[in-house]
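Me: I'm new to reading protein structures. Could you walk me through one, feature by feature?

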Amino acid sequence: MEYDEAKEKIKVELTKKLKTKSKFYFNDLAKILGMKPREAKKLINQMVLDGVLEYWSSGSTSMYGMPGTGKQSSAEHED
Amino acid sequence: MAKHETPLLDQLETGPWPSFVTDIKREAESRATNEKGVDYQIPQDACEDLLGVLELSFKHGRTHWKHGGIVGVFGYGGGVIGRYCDQPEMFPGVAHFHTMRVSQPAGKFYTTKYLESICDLWERRGSGITNMHGSTGDIIFLGTTTPQLEEVFYELTHNLNQDLGGSGSNLRTPSDCIGAARCEYACYDTQAICHDLTVEYQDELHRPAFPYKFKFKFDGCPNCCVASIARSDLSFIGLWRDEIRIDEEAVKAYVGGELKPNAGAHAGRDWGAFDIQKEVIGLCPTQCMRYEGDKLEINNKECTHCMHCINVMPRALRIGNDRGCAILAGAKAPILDGAQMGTLIVPFIKAEPPYTDIKEKVIEPIWDWWMEEGKNRERLGELMKRQGMQKLLEMTGLDPDPRMIQEPRTNPYIFWKEDEVEGGFKRDINEFRKYHKR
């Protein structure tokens, strides 16, 4: 899958789910892309570097979300 | 005069142990007086407010910290853990109080100059409070603000040649014992492999794509000083496969009392004369030793490398010369199903650079399996329990070995597949009926 296609797919699917959740596990994203985790990782990392996605971490678990979505950014005085 | 009244915390200081409250108060006072003229980049009263919010938490019986956050340094998904106070007006000094994990050097060797440098950095750009070391082994920097994260990271990497550690669903900072640098029991170079795998798996350390945390720990011998068998998803424990080297003269010296058992570690009181039968031979778990006629003999085939005899008589008994390590998988702390110890998956492997077999035949096949099959927040040990040891062996291509099994027919129960059995499962029913009536 090309990077731009993958980016679009992630944006569309994550936007659709925004009403119910704003943070996603890595495996959720790999499933959206229909790729094995190792292959998906390269594309997903690039999306983080490009600002399409951002990391969220509880300290023990990491998740991914689109920047500015969810309660976090406003609640934590970061917007 | 303290900024906040802290009667409950003050009471904690009255116990017989060193108190973290005293430590924080000392740092608060040092920041208030600032005798060194530090140019503080986060609120000077951060430690005062930290004490204040902790006092409030004790008073209310619940925490005033919020959990997690999006903070981090650019390109890294680990190493920073967002912490925010839910009473920022009352305690502005700790409104943001993020944790940073700093990767410890292999074997935790430092120069005092290095320690002074990281402490100076953290005093200037953070709260000054550290935790040496966290459970994974990292140097933990406790408490800074969001704008300081990139600054600390820049100074660590550019001035101190120091990286952040792992957190979140990453490979966590690999950790090892002091190894061959100081210890004669080390069966392989723990620091070398720890450093090599840390460098090799930088991507896994910094960019989270695992279902949950994953830990490597390296113990040079079965004494397990970093407790890898209990605390790491993949545990490397040093072993030898030839014979324990015996110095009979030194054995006699222990028996005769010229050498102190356990290198004098139990010298605090009089335990009486050393009794080799009671203290060594009788305590051997496999009873593979005997001492008769001033001669110590070991049936090495029965030895399970428990280290007891070597620990008691280190001058007389030494690890063998054909050395390597065993690999165990799946240890974890209790969140689901209780704590688990590691399960042996590789009874013996040579641990020599460039560690190709360890990487390509053990680590990476296990990661491929766990990344595909592991549920979110499922540790390797839980996946092994859910899908079975047989599946692990199938995915890694490791050969089953009796040493992987604790007791026959209890763990794990192996089912043969048709293609593994000569002639398959097909049978001639007429031939069968000749001997077995319906």
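Reply: We'll go from strands to helices, then to charged pairs, domains and chains. Keep in mind that this is a predicted model.

Me: Okay, strands first. How do I read which way the side chains of a strand point?

Reply: Here's the general idea: in a regular strand the side chains alternate between the two faces of the sheet. Now look at strand S11 of chain B, residues 289-292. B:Met289 and B:Tyr291 point to one face and are buried, while B:Arg290 and B:Glu292 point to the other and are not.

Me: Which strand does S11(B) pair with, and in what sense?

Reply: S11(B) pairs with strand S12 of chain B (residues 295-298), in the antiparallel sense and over 4 bridges. One bridge partner to find by eye is B:Lys295 in S12(B), which goes with B:Glu292. There are 2 residues between the strands of this hairpin, and B:Gly293 has a positive phi near 55° there.

Me: What salt bridge does B:Arg290 form?

Reply: The general idea first: side chains of opposite charge can pair when their charged atoms come close. B:Arg290 forms a salt bridge with B:Glu297, and the closest N and O atoms are 2.9 Å apart. B:Arg290 has 45% relative accessibility, so it counts as partly exposed. B:Glu297, at 35%, counts as partly exposed too.

Me: Now a whole sheet. What is the strand order in the open sheet of 4 strands in chain B?

Reply: To read a sheet, go across it strand by strand. The order here is S2-S4-S6-S5, with antiparallel pairing. Strand S2 (80-81) and strand S5 (129-132) are the edge strands, as each pairs on one side only. Between S2(B) and S4 (residues 99-102) of chain B there are 2 bridges, and B:Ile81 stands opposite B:Thr99 in S4(B).

Me: Which helix lies across S2, S4 and S6 of chain B?

Reply: That's helix H5 of chain B, residues 146-159, and H5 runs at about 15° to S4(B). H5 also gives us another charged pair to look at. B:Glu155 forms a salt bridge with B:Arg125, with the closest N and O atoms 2.9 Å apart. That pair links distant parts of the chain: B:Arg125 sits in helix H4 (residues 112-125) and B:Glu155 in H5, 30 residues apart.

Me: Are B:Arg125 and B:Glu155 buried or exposed?

Reply: Both are buried. They also belong to a network of salt bridges that links B:Arg124, B:Arg125, B:Glu151 and B:Glu155. Over all chains, the structure holds 31 salt bridges.

Me: And loops? Where does B:Asn170 lie?

Reply: B:Asn170 lies in the loop between H5 and strand S7 (175-176) of chain B. To judge burial, look at relative accessibility: under 20% is buried. B:Asn170 has 0%, so it counts as buried. Leaving aside neighbours within four places in sequence, its contacts include B:Gly77, B:Glu204, B:Arg207 and B:Phe214. B:Arg207 forms a salt bridge with B:Asp203, the closest N and O atoms being 2.6 Å apart.

Me: How do I read the domains of chain B?

Reply: Start with the residue ranges. The assignment gives domain 1 (7-159), domain 2 (175-239 + 324-420) and domain 3 (245-318). The C-alpha centres of domains 1 and 2 of chain B lie 33 Å apart. Between these two domains, about 910 Å² is buried, with 53% of that from carbon and sulfur atoms. On the domain 1 side, B:Tyr76, B:Ala106 and B:Phe109 lose the most area to domain 2, together 42% of what that side buries. The rule finds 0 salt bridges across this interface.

Me: How many salt bridges are there between chain B and chain A?

Reply: There are 4. One of the salt bridges in the structure joins B:Glu372 and A:Lys36, with the closest N and O atoms 3.3 Å apart. The contact takes 36 residues from chain B and 25 from chain A, and the area buried between the chains is about 2700 Å².

Me: Why is helix H2 of chain A described as largely enclosed?

Reply: Count its buried residues: 7 of the 8 residues of H2(A), residues 26-33, are buried, so the helix is largely enclosed by the rest of the structure. Its cover includes helix H1, helix H3 and strand S2 of chain A together with helix H12 of chain B. Just after H2(A), A:Gly34 takes a positive phi of about 65°.

Technical notes. Residues numbered from 1 in each chain as written. Chains lettered and ligands numbered in written order. Predicted model: local features only at pLDDT ≥ 70, side-chain atom pairs only at ≥ 80, totals over all residues. Heavy atoms only, no water. Pairing = 2+ DSSP bridges. Contact = heavy atoms within 4.5 Å. Axes fitted to C-alpha atoms, helices over the stretch in contact; angles between N-to-C directions. Buried < 20%, exposed > 50% of the residue type's maximum accessible area, 1.4 Å probe, protein only. Domains from an automatic or database assignment. Buried area = accessible area lost by both parts, 1.4 Å probe. Salt bridge = Lys/Arg side-chain N within 4 Å of Asp/Glu carboxyl O.
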